[in-house]
Amino acid sequence: MDDLEIRELRENEIPLLEEFVYHAIFLREGSAPLLRSILHDPAIAVYIQEFGRKDDHCLVADCNGTVVGAVWTRILNGDVKGFGYLDDETPEFAISLLPAYRGKGIGTLLMKAMLKLLKQKGYEKTSLAVQKENYAVSLYQHVGFEIIDSTDEEYIMVAHLQ
């Protein structure tokens with residue numbers, strides 16, 4: 001893609017994460033869109049509330065001055081843990097692209113850049129949870145995540161960084 005830049009999220013762009021977490025929620029084929037109030041559910045809000053703490057990292061895909069995708073990680077070890085929680089030292093991945101920008105390789109670029117950043121910062125591994133039906137499972141495997149556990153509906157995946 002022309003004029004695509006992978007860069008760090010700017011502080012004034014943090015509110016954009018609300019839009020990206022909404023688009024990150026997997027919907028089965030034929031499902032009705034979710035109400036935006038889902039973003040206030042503690043299990044979802046934990047991915048973006050008070051973003052910018054010490055172990056929060058975010059890279060965005062900027063296409064001609066518009067943020068079209070984001071990948072962010074947090075260590076979610078409070079009362080509400082993330083769906084892909086492993087332990088109190090492992091950052092958990094979230095990634096999302098605006099629908100019109102999916103299938104163009106942007107997600108792969110974002111994920112590889114975040115894995116490199118996390119490795120540079122000294123993290124040993126990173127995790128995520130993904131619905132088994134989600135087409136992104138193969139993308140995650142392609143960039144180095146492996147399935148380490150599963151529930152009826154989700155895979156828990158980890159990428160080793162060291």
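Which residues are buried in α3? In this predicted model, the buried residues of α3 are Ile106, Gly107, Thr108, Leu110, Met111, Met114, Leu115, Leu117 and Leu118.

## Helix α3

Helix α3 covers residues 106-120, 15 residues in total. From its first C-alpha to its last, α3 reaches 21 Å, close to the 21 Å expected at 1.5 Å a residue. An α-helix has 3.6 residues a turn, so residues three or four places apart point the same way. The buried set in α3 includes Ile106, Leu110 and Met114, and also Met111, Leu115 and Leu118. After the helix comes glycine 122, which has a positive phi near 90°.

Threonine 108 is a residue of helix α3 and is among those buried there. Leaving aside residues up to four places away in sequence, threonine 108 touches Leu139, His142 and Val143. The C-alpha atoms of threonine 108 and valine 143 are separated by 7.1 Å, although these residues are 35 residues apart along the chain.

## Strands β2, β3 and β4

Strand β3 consists of residues 66-74 and is mostly covered, with 8 of its 9 residues buried. β3 pairs with β2 and with β4. With β2 the strands run antiparallel and are joined by 7 bridges. With β4 (residues 92-97) the pairing is also antiparallel, over 6 bridges. One pair in the β3-β4 ladder is arginine 74 with glutamate 92 of β4.

The hairpin of β2 and β3 has 2 residues between the strands. Asparagine 64 in this hairpin takes a positive phi near 55°.

## Alanine 61

Alanine 61 belongs to strand β2, and its bridge partner in β3 is glycine 69. Is alanine 61 buried or exposed? Alanine 61 counts as buried because its relative accessibility is 0%, where buried means under 20%.

Beyond residues up to four places away in sequence, alanine 61 touches Leu4, Glu5, Ile6, Thr66, Val67, Val68, Gly69, Ile106 and Leu110. Of these contacts, Ile106 and Leu110 are buried residues of α3, and glycine 69 is the bridge partner in β3. Alanine 61 and tyrosine 135 are 74 residues apart along the chain, and their C-alpha atoms are separated by 20 Å.

## Aspartate 56

Aspartate 56 sits in the loop between α2 (42-45) and β2 (57-63). It counts as buried because its relative accessibility is 10%, against a cut-off of 20%.

Which backbone nitrogen does the side chain of aspartate 56 reach at 2.8 Å? That atom is the backbone nitrogen of glycine 52. The same side chain also reaches the backbone nitrogen of arginine 53, at 2.9 Å. Outside the residues up to four places away in sequence, aspartate 56 touches Glu50, Phe51, Thr73 and Arg74. Arginine 74 is also the residue bridged to glutamate 92 in β4.

## Asparagine 77

The loop between β3 and β4 contains asparagine 77. This residue is partly exposed because its relative accessible area is 36%, which falls between the cut-offs of 20% and 50%. Apart from residues up to four places away in sequence, asparagine 77 touches Tyr85 and Asp88.

Asparagine 77 and alanine 129 are 52 residues apart along the chain, and the C-alpha atoms of the two are separated by 15 Å.

## Cavity and pocket

How many cavities of 30 Å³ or more does a search of the whole structure find? The search finds 1. The largest cavity holds about 30 Å³ of space. Its lining is made of Arg74, Ile75, Leu76, Gly84, Tyr85, Leu86, Thr90, Glu92 and Ser127. Arg74 and Glu92, both in this lining, are the bridge partners noted above. Tyr85, another lining residue, is also a contact of asparagine 77.

The largest pocket contains about 1,200 Å³ of space. It is lined by 40 residues, of which His23, Ala24, Ile25, Phe26 and Asn134 are the closest to its centre. The elements giving two or more residues to this lining are α1 (16-24), β4, α3, β5 (125-131) and α4 (136-142). β4 provides the largest share of the lining, 6 residues.

Technical notes
Residues numbered from 1 in each chain as written. Predicted model: local features only at pLDDT ≥ 70, side-chain atom pairs only at ≥ 80, totals over all residues. Heavy atoms only, no water. Helix = DSSP H or I, 4+ residues; strand = E, 2+ residues; numbered from the N terminus. Expected span 1.5 Å × (residues − 1). Buried < 20%, exposed > 50% of the residue type's maximum accessible area, 1.4 Å probe, protein only. Polar contact = N/O pair within 3.5 Å; in protein donor to acceptor, adjacent residues only side chain to side chain. Contact = heavy atoms within 4.5 Å. Pairing = 2+ DSSP bridges. 1 Å grid on protein atoms, 1.4 Å probe; cavity = no way out; pocket = protein on both sides within 12 Å on 5 of 7 lines; lining within 4 Å. Points joined across faces, edges and corners; volume = space filled by probe spheres on them.
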